[in-house]
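Work through the exercises below with the structure open beside you. Try each task before reading its solution.

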Amino acid sequence: MKIEIPLSKANRLINHGPTVLITSQSGGRPNIMTAAWQTPVSKDPPLVAVSIAPGRYSHQLIEESREFVVNVPSHVLLKEVHGCGTVSGQEVDKFRKFGLTPEDAAHVGAPLIKECIAHLECRLYDSFGIGDHTLFVGQVLAASVEEDLFDDFLKVDDPRAKTLHHLGSNKYTCPDQRIEVD
Ligand SMILES: Cc1cc2nc3c(=O)[nH]c(=O)nc-3n(C[C@H](O)[C@H](O)[C@H](O)COP(=O)(O)O)c2cc1C
């Protein structure tokens, strides 16, 4: 038997892609924002999309700079991930508040977050107003990952590479195995 759930919770059924930390910068200090609504959308060119509400400070910074970085945190950053999704960079310096370290990116002005396991440096390719969010589509200019946590696939079965997946509110889940089909 299946139960019907409110439409407002429908996204919770498909929302377990990794929760990421988006960094952006436009002139002033860099900012970090937590985003669960992200997805790859094209292979060639490599494009990723992230859905960001207009009220977010990051929305303004990405519109101004036309760049952003998708940083992939592991589960050890749970508190920082949740924290970066509950306060705005308009009021606080989230790098300082959450003890995260900015590192220069190779291709964009926004920094990488050193403590994250992987990074996608993106230049804004397109954006669309969609419902109450804006879909920012970024062209991936560079992608990097901790060497020993990737063997062509993310080693999510290694405790250091368990990604965080948002179930909604303050609930997350983590994968801990890779399964394979012949
Ligand atoms: C787990 C989690 C996931 C989130 N995902 C998104 C998202 O995909 N899009 C969005 O606009 N806001 C999302 N948020 C909310 C923003 O991260 C939050 O409003 C943040 O404070 C914005 O920061 P800023 O104002 O510094 O840009 C999420 C929050 C959490 C805790």
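**Exercise 1. A backbone angle in a loop**

In which loop does Asp152 lie? Find its place, then describe its backbone and its exposure.

Solution. The model is a predicted one.
Step 1: Asp152 is in the loop between β9 and β10 (165-168).
Step 2: Its phi is positive, about 85°, although Asp152 is not a glycine.
Step 3: A residue counts as exposed when its relative accessible area is over 50%. Asp152 has a relative accessible area of 62%, so it is exposed.

**Exercise 2. A second positive phi**

What is the value of phi at Ser169, and where does this residue lie?

Solution.
Step 1: Phi of Ser169 is near 50°, a positive value in a residue other than glycine.
Step 2: Ser169 belongs to the loop between β10 and β11 (171-173).
Step 3: The relative accessibility of Ser169 is 52%, so Ser169 counts as exposed.

**Exercise 3. The peptide bond before a proline**

Is the peptide bond from Asp44 to Pro45 cis or trans? Place Pro45 in the chain as well.

Solution.
Step 1: Omega for the bond from Asp44 to Pro45 is near 10°.
Step 2: This peptide bond is cis.
Step 3: Pro45 sits in the loop between β3 (38-42) and β4.

**Exercise 4. Salt bridges**

How many salt bridges does a search of the whole structure find? Describe those of Asp148, Arg160 and Arg178.

Solution.
Step 1: The search finds four salt bridges. Side chains of opposite charge can pair when their charged atoms come close. The cut-off used is a side-chain nitrogen of Lys or Arg within 4 Å of a carboxyl oxygen of Asp or Glu.
Step 2: Asp148 forms a salt bridge with Arg160, and their closest N and O atoms are 3.0 Å apart. Both Asp148 and Arg160 are in the loop between β9 and β10, 12 residues apart.
Step 3: Arg160 also meets Asp158 in a salt bridge, with 2.8 Å from N to O. Asp148, Asp158 and Arg160 are therefore linked in a network of salt bridges, by the cut-off above.
Step 4: Now compare exposure within this network. Asp148 is partly exposed at 38% relative accessible area, and Arg160 is partly exposed at 44%. Asp158, with a relative accessible area of 16%, is buried.
Step 5: Arg178 forms a salt bridge with Asp157, the closest N and O atoms being 3.7 Å apart. Arg178 is in the segment after β11 and Asp157 is in the loop between β9 and β10, so this pair ties together parts that are 21 residues apart in sequence. Arg178 is partly exposed at 35% relative accessibility, and Asp157 is partly exposed at 39%.

**Exercise 5. The shell around the ligand**

Which residues come nearest to the ligand, and which elements supply at least two residues each to its shell?

Solution.
Step 1: There are 23 residues around the ligand, of which Thr34, Ser51, Ser58, Ser88 and Gly89 come nearest.
Step 2: At least two shell residues come from each of β2 (31-35), β4 (47-52), α1 (57-65) and α2 (78-84). β2 gives the most, with four residues.
Step 3: Sorted by class, the shell has 10 nonpolar, 11 polar and two charged residues.
Step 4: Look for polar atoms beside ligand oxygens. A polar side-chain atom of Ser58 lies 2.6 Å from an oxygen atom of the ligand. Polar backbone atoms appear too: one of Trp37 is 2.9 Å from a ligand oxygen, and one of Ala53 is 2.9 Å from a ligand oxygen.
Step 5: The ligand taken alone exposes 650 Å², and the protein buries 90% of that.

**Exercise 6. A nonpolar surface patch**

Which residues form a nonpolar patch on the surface? Take Ile14 as the example and decide whether this residue is buried or exposed.

Solution.
Step 1: The patch is formed by Met1, Ile3, Ile5, Leu13 and Ile14, with about 670 Å² of accessible area together.
Step 2: Ile14 is placed in the segment before β1 (20-24).
Step 3: With a relative accessible area of 75%, Ile14 is exposed.

**Exercise 7. A residue in a strand**

In which strand is Leu141, and how far apart are the C-alpha atoms of Leu141 and Glu180?

Solution.
Step 1: Leu141 is in strand β9 (residues 133-145).
Step 2: Leu141 has a relative accessible area of 26% and is partly exposed.
Step 3: Leu141 and Glu180 are 39 residues apart along the chain, and their C-alpha atoms are separated by 30 Å.

Conventions. Residues are numbered from 1 along each chain as its sequence is written. This is a predicted model: local features need pLDDT of at least 70, side-chain atom pairs count only at pLDDT 80 or more; totals for chains, interfaces and linings use all residues. Side-chain values use heavy atoms; hydrogens and water are left out. Patches are made of residues with over 30% relative accessible area and no salt bridge: like charges are joined within 9 Å, nonpolar side chains (Val, Leu, Ile, Met, Phe, Trp, Tyr) within 5 Å. Accessible areas come from the Shrake-Rupley method with a 1.4 Å probe; for residues, only the protein chains shown count as cover. Buried means under 20% relative accessible area, exposed over 50%, partly exposed in between (1.4 Å probe, protein chains only). A residue is near a molecule or strand if one of its heavy atoms lies within 4 Å of it. A polar contact is a pair of N or O atoms within 3.5 Å; within protein, one must be able to donate a hydrogen and the other to accept it, and residues adjacent in sequence count only if both atoms are side-chain atoms. Ala, Val, Leu, Ile, Met, Phe, Trp, Tyr, Cys and Pro count as nonpolar, Asp, Glu, Lys and Arg as charged, and the others, Gly among them, as polar.
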